[in-house]
Amino acid sequence: MADIQGTYDRLFIAVPNALADMLDAGDAGGSVAVFVDGEPVVDVWGGFTDADRTVPWERDTIVNVFSVTKTMTALCALVLIDRGELDPDAPVARYWPEFAAEGKEKVLVQHLLSHTAGLPDWDGPIDELYDWPAATSRLAARTTRWEPGTAAGYHSLTQGFLVGEVVRRVTGRSVGDFLAAEVTRPLGADFHIGLPAEHDHRAAPSIPPTGKDEDYSASAPGNPTGSEAGNGVRVRDGNSTAWRRAQIPAASGYGNARSVALVQSVLACGGEVGGVRLLSRAGCDRAFEEQFDGDDRVLGMPMRWGLGYGLFGTTYGWGGWGGSLMMLEPDSRMVVAYVTNQMREPAEDTRGMEIVTAAYEGLQGLRP
């Protein structure tokens with residue numbers, strides 16, 4: 001069995017065992033964390049950071065979690081909403097006047113967070129992702145694909161720029177800077193949007209699925225020409241220095257399972273973790289108010305969307321290209337986070353849900 005490092009409550013032994021099984025099955029590396037009541041009951045890691053299996057995965061190894069980043073960006077918006085500085089029912093153009101171009105006056109902030117704004121496609125060059133003014137100006141000049149609020153289509157890459165620019169207009173700070181100052185630093189969480197160079201040495205590169213190379217890009221089920229991590233984005237793009245430095249708030253967040261679970265415990269625990277309050281309980285509840293229920297035009301499957309989170313019964317969260325996943329359940333005050341550098345084909349990847357299932361086994365023992 002693979003060597004698993006870290007700590008865990010014996011009731012949750014199924015979780016490290018599940019990670020070990022994945023590593024034994026050929027995965028390179030990963031980390032898993034389960035937090036209950038804002039405290040870790042599982043914090044484990046194992047495997048390697050490189051495809052050649054020569055560099056061990058360490059406690060402070062971080063990795064690009066791709067679209068799990070969206071939950072961090074959404075939390076920034078939710079903090080501003082809770083403070084009364086951002087109105088989810090207001091037109092985006094109230095905060096970003098240029099956005100009203102091409103008939104977008106009726107796009108609301110809530111539409112950006114719930115993938116119902118009608119701007120799901122990135123049609124710019126890859127290099128423009130690294131240029132914030134160019135990326136946001138491109139989106140401001142676009143017309144919507146449908147009447148805002150009437151349909152949903154997963155905004156895989158564009159959501160981060162849209163929400164992030166609203167955050168910037170409200171606060172004067174980039175979403176990465178706001179996240180660091182208002183969320184991760186107060187909590188002591190090791191998560192970054194826009195990774196400083198001093199952290200490069202501990203960032204594990206993404207490893208394509210077996211039989212694929214760094215030109216691999218994954219497609220959403222209903223959007224065969226696109227990529228879950230952004231239209232045309234390849235593994236080599238996600239592994240580039242330019243990607244790490246850029247703030248791409250839908251897809252370029254770096255962290256480990258511990259940091260993801262710690263931050264998202266804010267929502268699982270009524271807004272306060274470790275004596276740090278970021279949201280009121282009402283502010284947390286607002287995140288999970290249903291904004292859309294129906295077929296997602298991009299994902300090609302039924303979806304329920306809240307304000308920045310996918311809604312799945314009494315659990316909420318989202319996953320990222322390559323396999324990383326975050327799920328939280330306020331009823332149990334639990335967060336489960338799994339991050340990995342080993343990509344698998346999306347249609348064949350059940351690892352995140354296997355980890356979540358293992359965590360529920362432990363929860364049953366903890367709270368009979």
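Let me start with arginine 138, whose charged end sits over the ring of tryptophan 122, 5.9 Å from the ring centre, and I should say at once that this is a predicted model. There is a second arrangement of this kind, in which lysine 104 lies over the face of phenylalanine 99, at 4.8 Å from the centre of the ring.

Phenylalanine 99 brings me to the aromatic pairs, of which a search of the whole structure finds 12. One of them joins tryptophan 96 to phenylalanine 99, and the geometry there is tilted, with 5.0 Å centre to centre and 40° between the planes. Tryptophan 96 counts as buried because its relative accessible area is 2%, and phenylalanine 99 counts as buried because its own value is 0%, the cut-off for that word being under 20%.

Tyrosine 154 and tryptophan 305 form an aromatic pair that is stacked, with the centres 6.0 Å apart and an angle of 0° between the planes. This pair links distant parts of the chain, since tyrosine 154 belongs to the loop between α4 (132-140) and α5 (158-171), while tryptophan 305 is in strand β11 (residues 301-305), and the two are 151 residues apart. Both tyrosine 154 and tryptophan 305 are buried. Elsewhere in the list of rings, Phe66, Tyr216, Trp243 and Trp321 are linked by ring pairs into a cluster.

Now to the nonpolar interior, where, as a general background remark, nonpolar side chains in soluble globular proteins tend to be buried together. The largest nonpolar core here has 87 residues, and the members that touch the most others are Leu112, Leu187, Leu267, Tyr309 and Leu328. Helix α2 (residues 69-82) supplies the largest share of this core, namely 9 residues. If we take leucine 187 and leave aside residues up to four places away in sequence, the residues that leucine 187 touches are Leu262, Val263, Val266, Val273, Val276 and Leu278. Apart from the largest core lies another, of 22 residues, which includes Val41, Met327, Val336 and Tyr338.

That leaves the question of how α2 and helix α9 (residues 257-268) cross, and at what angle. Their axes come within 11 Å and cross at roughly 35°, and the crossing in which α2 passes α9 is left-handed. On the α2 side the residues that meet the other helix are Thr71, Met72, Leu75 and Leu78, and their counterparts in α9 are Ser259, Val260, Val263, Gln264 and Leu267. Two of those α9 residues have already come up, Val263 as a contact of leucine 187 and Leu267 among the core members with the most contacts to other members.

Definitions and conventions
Residues numbered from 1 in each chain as written. Predicted model: local features only at pLDDT ≥ 70, side-chain atom pairs only at ≥ 80, totals over all residues. Heavy atoms only, no water. Phe/Tyr/Trp six-rings, centres within 6.5 Å; stacked < 30°, edge-to-face > 60°. Buried < 20%, exposed > 50% of the residue type's maximum accessible area, 1.4 Å probe, protein only. Helix = DSSP H or I, 4+ residues; strand = E, 2+ residues; numbered from the N terminus. Lys NZ or Arg CZ within 6 Å of the ring centre and 35° of its normal. Core = buried A, V, L, I, M, F, W, Y, C linked by side-chain atoms within 4.5 Å. Contact = heavy atoms within 4.5 Å. Axes fitted to C-alpha atoms, helices over the stretch in contact; angles between N-to-C directions. Left-handed = near helix turned anticlockwise from the far one by under 90°.
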